[in-house]
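Student: Could you take me through one part of this model closely? I would like to look at the surroundings of the ligand.

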Amino acid sequence: MSNDHPLLSIRSITRRFGGLVAVDGVSFDVRPGEIFGLIGPNGAGKTTLFNVITGLIPPSSGELTFADVAITRRAPFRIARRGIGRTFQNIRLFSDLSALENVQIAQHIHERSSTLAQVLGLPSARRDDRRTRARAMELLELVGLAGRASEIAGNFAYGDQRRLEIARALALEPQLLLLDEPAAGMNSSEKHELSAFIRQLRDQFDLTVLLIEHHVPLVMGLCDRIAVLEFGKLIALGDPASVRNDPAVIQAYLGDE
Amino acid sequence: MSDFFNTYGSLIVFMVLNALLALSLYLPLMAGQLSLASPGFFALGGYIAAIMSTKVFHVEAGAYPLGYVLIEMLLAALASGVLALIVGIPSLRLRGIYLALATIAFIEIVRVLSLTLEITGGAVGIFGIPQPFGTPLGYLWLALPLLIVAALAIWRLERVRVGRAFNAIRADELAAGAMGINTTYHKVLAFTLGAILAGIVGVVYAHVLNTWNARQGTFEAGVAYLTYVLIGGSRTVVGPIVGGLALTALPEVLRSLGGESLPTWLNNFLNSGQSIIYGTLIVLSTTFFPQGLITPRLLRFWRRTRASNDQ
Ligand SMILES: Nc1ncnc2c1ncn2[C@@H]1O[C@H](COP(=O)(O)OP(=O)(O)O)[C@@H](O)[C@H]1O
Ligand SMILES: [Mg+2]
């Protein structure tokens with residue numbers, strides 16, 4: 001894949017809720033390896049667009065292509081297995097399960113042994129289990145939660161839950177990672193760390209990242225390209241410098257910063 | 001000792017069988033699906049046993065061969081499994097209370113069919129189901145291995161991929177889908193496994209009771225199994241087993257508490273106040289023990305104390 005060949009292609013996506021047009025004819029491409037920012041005021045339709053991409057809600061119209069395959073209206077689990085992992089704005093961990101189990105669950109699509117072999121505890125299944133457990137521990141280590149693997153996820157502090165969600169999404173071994181406001185509730189030094197961490201993830205896992213973020217300096221410093229939504233419409237698209245100087249953006253969004 | 005077993009033989013067998021029925025409800029609940037369909041599959045299994053043993057296999061004298069019972073169990077498992085797929089695939093699109101209502105409709109349909117069809121003996125039912133064992137207690141040879149195998153299989157299942165997928169769906173179905181879990185497949189699987197177990201138990205029950213009719217496997221029975229699970233505990237395989245064993249024994253224990261020295265009203269209550277006592281227990285346990293009496297936390301605590309005692 002050449003570098004300007006899109007990994008994710010969003011074509012005229014519209015999503016209505018009754019009379020409300022939450023996403024209105026949005027089109028843009030996300031290229032492999034880039035960190036792509038999606039910004040816009042509250043209620044602009046950013047999360048709705050994430051939900052459409054991951055199949056949690058169908059679009060009213062429009063097409064989605066991921067790695068040259070049409071994924072429009074596919075079931076969420078099929079889209080996840082094709083290589084799109086995500087986190088949620090309003091954290092959706094499996095809150096009564098342990099941190100380790102949360103990560104292992106997302107990893108189960110990479111287990112090869114049959115259910116019968118696993119129930120009987122056959123050697124092939126035990127090997128599989130050891131491998132996924134070790135991999136899950138590595139991911140917990142990566143987000144700094146290795147020491148708390150057996151703690152119940154729901155008891156974690158807010159910031160730790162956000163990091164656990166990232167580890168869980170990575171367990172899918174995705175090509176594209178969607179992060180919905182990962183810096184919400186963090187102070188500025190934590191935001192700084194997160195920024196560096198997202199870059200590290202991109203390099204270490206060959207990821208493409210699509211991220212929603214409110215905090216403009218973070219987005220400007222981190223992202224290769226940025227799309228701006230307002231009332232469901234795409235009003236600007238480009239590199240940080242051009243978006244920052246775009247009159248429509250200043251009017252709509254940056255003006256009140 | 002042998003007196004005890006003769007007096008309480010059938011009670012002990014019913015305790016074990018009811019623990020199995022509680023597990024049949026626990027299975028779909030593992031994947032977050034509240035289904036009351038178990039009695040329908042239980043009734044189906046019972047009719048398969050009744051029809052096979054009285055109309056198909058002709059045994060003139062002596063004990064009914066155990067091999068035939070095993071064949072009936074296999075047939076009941078197959079029939080319940082197929083029926084569960086037919087019922088489960090459309091109804092598991094429904095959530096929460098709607099799934100529960102759909103499963104109640106299902107047991108009503110099974111009941112009405114068994115009242116009207118000729119092969120099920122209409123309102124009278126089927127009599128004279130032959131006995132493979134000389135005493136009620138003999139049925140433990142079937143019921144106990146069944147309970148052990150079912151409990152071990154579920155216990156293992158909870159610790160591997162499929163069980164984790166069930167847990168994930170119970171915790172957050174939408175997030176589970178976004179993590180690559182085929183939620184429909186797993187919900188149907190959990191429902192079908194529960195149905196197969198209920199069907200098999202129906203076979204054993206029909207032989208124990210010696211007769212089978214449309215009063216078996218009603219909505220009330222489903223509520224009783226649900227009580228076993230809710231009071232015993234819905235978060236670990238041990239809970240429904242303890243609930244099924246204890247709550248089946250409870251009415252007998254209460255009856256034996258009664259006697260000459262007690263006032264009549266109290267004796268009456270101890271003999272027939274069952275639904276009041278069950279109801280009170282449900283209210284108390286869901287208020288004070290929302291996860292039931294046996295919780296994962298309690299089991300972890302036991303394991304740790306035992307481990308430290310061993311040292
Ligand atoms: N499931 C839903 N049903 C009805 N309206 C919704 C739903 N989800 C989002 N909306 C509406 O769509 C608009 C966009 O919401 P959202 O995508 O969450 O915005 P953002 O993430 O940009 O803040 C909002 O007006 C919101 O109220
Ligand atoms: Mg949002």
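Tutor: Happy to; here is a walk around ligand 1. This is a predicted model, in which local features need pLDDT of at least 70 and side-chain atom pairs count only at pLDDT 80 or more, while totals for chains, interfaces and linings use all residues. Residues are numbered from 1 along each chain as its sequence is written, chains are lettered from A and ligands numbered from 1 in the order in which they are written, and side-chain values use heavy atoms, with hydrogens and water left out.

Around ligand 1 we find A:Phe17, A:Leu20, A:Ala22, A:Pro41, A:Asn42, A:Gly43, A:Ala44, A:Gly45, A:Lys46, A:Thr47 and A:Thr48, where a residue counts as near if one of its heavy atoms lies within 4 Å. By class, this shell has 5 nonpolar, 5 polar and 1 charged residues (Ala, Val, Leu, Ile, Met, Phe, Trp, Tyr, Cys and Pro count as nonpolar, Asp, Glu, Lys and Arg as charged, and the others, Gly among them, as polar).

Now for the polar contacts (pairs of N or O atoms within 3.5 Å). A polar backbone atom of A:Gly43 is 2.8 Å from an oxygen atom of ligand 1, and a backbone N or O atom of A:Ala44 lies 3.2 Å from a ligand oxygen atom. From A:Thr47, a polar side-chain atom lies 2.8 Å from an oxygen atom of the ligand. Strand 2 (20–30) and helix 1 (46–53) of chain A are the elements that give two or more residues to the shell, and helix 1 of chain A gives the most, with 3 residues (helices are DSSP runs of H or I, at least four residues, and strands are E runs of at least two, numbered from the N terminus).

Methods:
A polar contact is a pair of N or O atoms within 3.5 Å; within protein, one must be able to donate a hydrogen and the other to accept it, and residues adjacent in sequence count only if both atoms are side-chain atoms.
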